[in-house]
Amino acid sequence: MPKFDASGLLTAVAVDHATGQLLMLAHMDAQALDKTRETGFAHFHSRSRGKLWMKGESSGHVLKVIEIRVDCDQDALELRCEPAGPACHTLARTCFFRRIDHDGALVRIED
């Protein structure tokens, strides 16, 4: 099983199972991992709210988890998902929708 850090968390990245596109990064505790495995939908630990949340619980933009992969150090997870809509709360397809330009400015990436 994964190795949680001193705060009881590990990093989880969600990727689109069909395309491999990175969708989002979040954190999971043991409860979030258990709930994800139990339901088949991505659950995370909100560090700011200090509680469990299911991705898409209010928007409907859930992440159906097809497979959970563990990295070589067992301290990070890759959730291979089928997204039901945009992954980002800004309604962008991915949370990684900007890049740092040569002058240091953030530039939106157009799909």
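1. Leu91 is exposed, at a relative accessible area of 60%, where exposed means over 50%, buried under 20% and partly exposed in between, with a 1.4 Å probe and protein chains only. This residue sits in the loop between β6 and β7 (98–100), and its phi is positive, about 75°, although Leu91 is not a glycine. Most residues other than glycine have a negative phi.

2. The model is a predicted one, in which local features need pLDDT of at least 70 and side-chain atom pairs count only at pLDDT 80 or more, while totals for chains, interfaces and linings use all residues. Residues are numbered from 1 along each chain as its sequence is written, and side-chain values use heavy atoms, with hydrogens and water left out.

3. Gln74 likewise calls for a comment, since this residue, although not a glycine, has a positive phi of about 60°. Its place is the loop between β5 (63–70) and β6 (76–83), and with a relative accessible area of 30% Gln74 is partly exposed.

4. On the overall fold, the protein has 1 helix and 8 strands, and from the N terminus on these elements follow the order β-β-α-β-β-β-β-β-β. Helices (H or I, at least four residues) and strands (E, at least two) are DSSP runs, numbered from the N terminus.

5. The radius of gyration, taken over C-alpha atoms, can be set against the globule rule of 2.2 Å times the number of residues to the power 0.38. The value for the protein is 14 Å, close to the 13 Å that the rule gives for 111 residues, so the protein is as compact as a globular protein of that length. Along the principal axes, the C-alpha atoms fill a box of roughly 40 × 30 × 30 Å.

6. Of the 111 residues, 34% count as buried. Among contacts (heavy atoms within 4.5 Å) between residues at least 6 apart in sequence, 37% join residues at least 24 apart.

7. A search of the whole structure finds 1 aromatic pair, formed by Phe44 and Trp53, which is tilted, with 5.4 Å centre to centre and 45° between the planes. Rings of Phe, Tyr and Trp (its six-membered ring) pair if their centres lie within 6.5 Å, and planes under 30 degrees apart count as stacked, over 60 as edge-to-face and the rest as tilted. Phe44 counts as buried at 1% relative accessibility, and Trp53 is also buried, with a relative accessible area of 18%.
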